[in-house]
Amino acid sequence: MPIDATLPYDDSNIFARILRGELPSKTVYEDDHALAFHDINPQAPLHILVIPKGAYVSWDDFSERGSDAEITGFVRAVGRVARDAGLVAPGYRLLANVGPNSHQEVPHLHVHIFAGQPLGPMLVR
Ligand code: AMP
């Protein structure tokens, strides 16, 4: 179900539970500000999710309320995950859904990294 990104943060969401260690994840990277793990239902040969460790519903919420240190740390982590996976030369795509029109399903900010093959047009036409 797409979520309403204007709602307050819900601490029971799947990614909050992964951050608390209540659910497993195939972690590829972790630091003070970010956790990266493989998407459970990959949409490309490589599909990684990067999430901030703080409680933010969406990119909108994070960009408004996140501290400079959290935002810097998270943006650097997204770049590092892709770089460490060798994705810069072949290329990759970043995507962050916000709210119902984007079909955001998990109400904790996540950036998708898609890679591993030519990814085609940006949106289904
Ligand atoms: P979005 O539609 O942008 O909210 O994307 C949510 C993503 O989370 C989807 O690509 C799901 O496959 C992925 N997902 C849901 N549950 C899990 C989980 N337990 N571990 C890893 N990825 C998940």
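**Exercise 1. State whether Phe15 is buried or exposed, and place Phe15 in the fold.**

Solution. Phe15 has a relative accessible area of 7%, so Phe15 is buried. The classes are buried under 20% relative accessible area, exposed over 50% and partly exposed in between, with a 1.4 Å probe and protein chains only. The areas behind these percentages come from the Shrake-Rupley method with a 1.4 Å probe, and for residues only the protein chains shown count as cover. Next, Phe15 belongs to helix α1. Helices (H or I, at least four residues) and strands (E, at least two) are DSSP runs, numbered from the N terminus. Last, Phe15 and Ala55 are 40 residues apart along the chain, and their C-alpha atoms are separated by 9.8 Å.

The model is predicted: local features need pLDDT of at least 70 and side-chain atom pairs pLDDT 80 or more, while totals for chains, interfaces and linings use all residues. Residues are numbered from 1 along each chain as its sequence is written, and side-chain values use heavy atoms, leaving out hydrogens and water.

**Exercise 2. Describe the shell of residues around the ligand by distance, class and element.**

Solution. Start with distance: there are 17 residues around the ligand, and those that come nearest are Asp39, Asn97, Glu105, His110 and His112. A residue is near a molecule or strand if one of its heavy atoms lies within 4 Å of it.

Then sort by class: the shell has 7 nonpolar, 8 polar and 2 charged residues. Here Ala, Val, Leu, Ile, Met, Phe, Trp, Tyr, Cys and Pro count as nonpolar, Asp, Glu, Lys and Arg as charged, and the others, Gly among them, as polar.

Then sort by element: at least two shell residues come from each of α1 (14–19), β2 (34–38) and β3 (46–52). The largest share, 3 residues, is that of α1.

**Exercise 3. Find which polar atoms of Asn97, His103 and Val106 face oxygen atoms of the ligand, and how much of the ligand the protein buries.**

Solution. A polar contact is a pair of N or O atoms within 3.5 Å; within protein, one must be able to donate a hydrogen and the other to accept it, and residues adjacent in sequence count only if both atoms are side-chain atoms. Asn97 uses a side-chain N or O atom, 2.8 Å from a ligand oxygen. His103 uses a backbone N or O atom, at 3.1 Å from an oxygen atom of the ligand. For Val106 a polar backbone atom is 3.1 Å from a ligand oxygen. The ligand taken alone exposes 510 Å², of which the protein buries 85%.

**Exercise 4. Characterise His103 and His110, which lie in the loop between β4 and β5.**

Solution. The loop that holds His103 runs between β4 (93–95) and β5 (111–115). His103 is partly exposed because its relative accessibility is 43%. The phi of His103 is near 70°, a positive value in a residue other than glycine. Most residues other than glycine have a negative phi.

His110 lies in the loop between β4 and β5 as well. With a relative accessible area of 6%, His110 is buried. Its side chain reaches the backbone oxygen of His108 at 2.7 Å.

**Exercise 5. Give the loop and the exposure class of Arg20, Pro90 and Val88.**

Solution. Arg20 sits in the loop between α1 and β1 (27–30). Its relative accessible area is 41%, so Arg20 is partly exposed. Lys53 is 33 residues from Arg20 along the chain, with 9.8 Å between their C-alpha atoms.

Pro90 is in the loop between α3 (68–84) and β4, and Pro90 is exposed, at 64% relative accessible area. From Pro90 to Gln117 the separation is 27 residues in sequence and 8.3 Å between C-alpha atoms.

Val88 is in the loop between α3 and β4 and is exposed, at 53%. Val88 and His47 are 41 residues apart in sequence and 15 Å apart, C-alpha to C-alpha.
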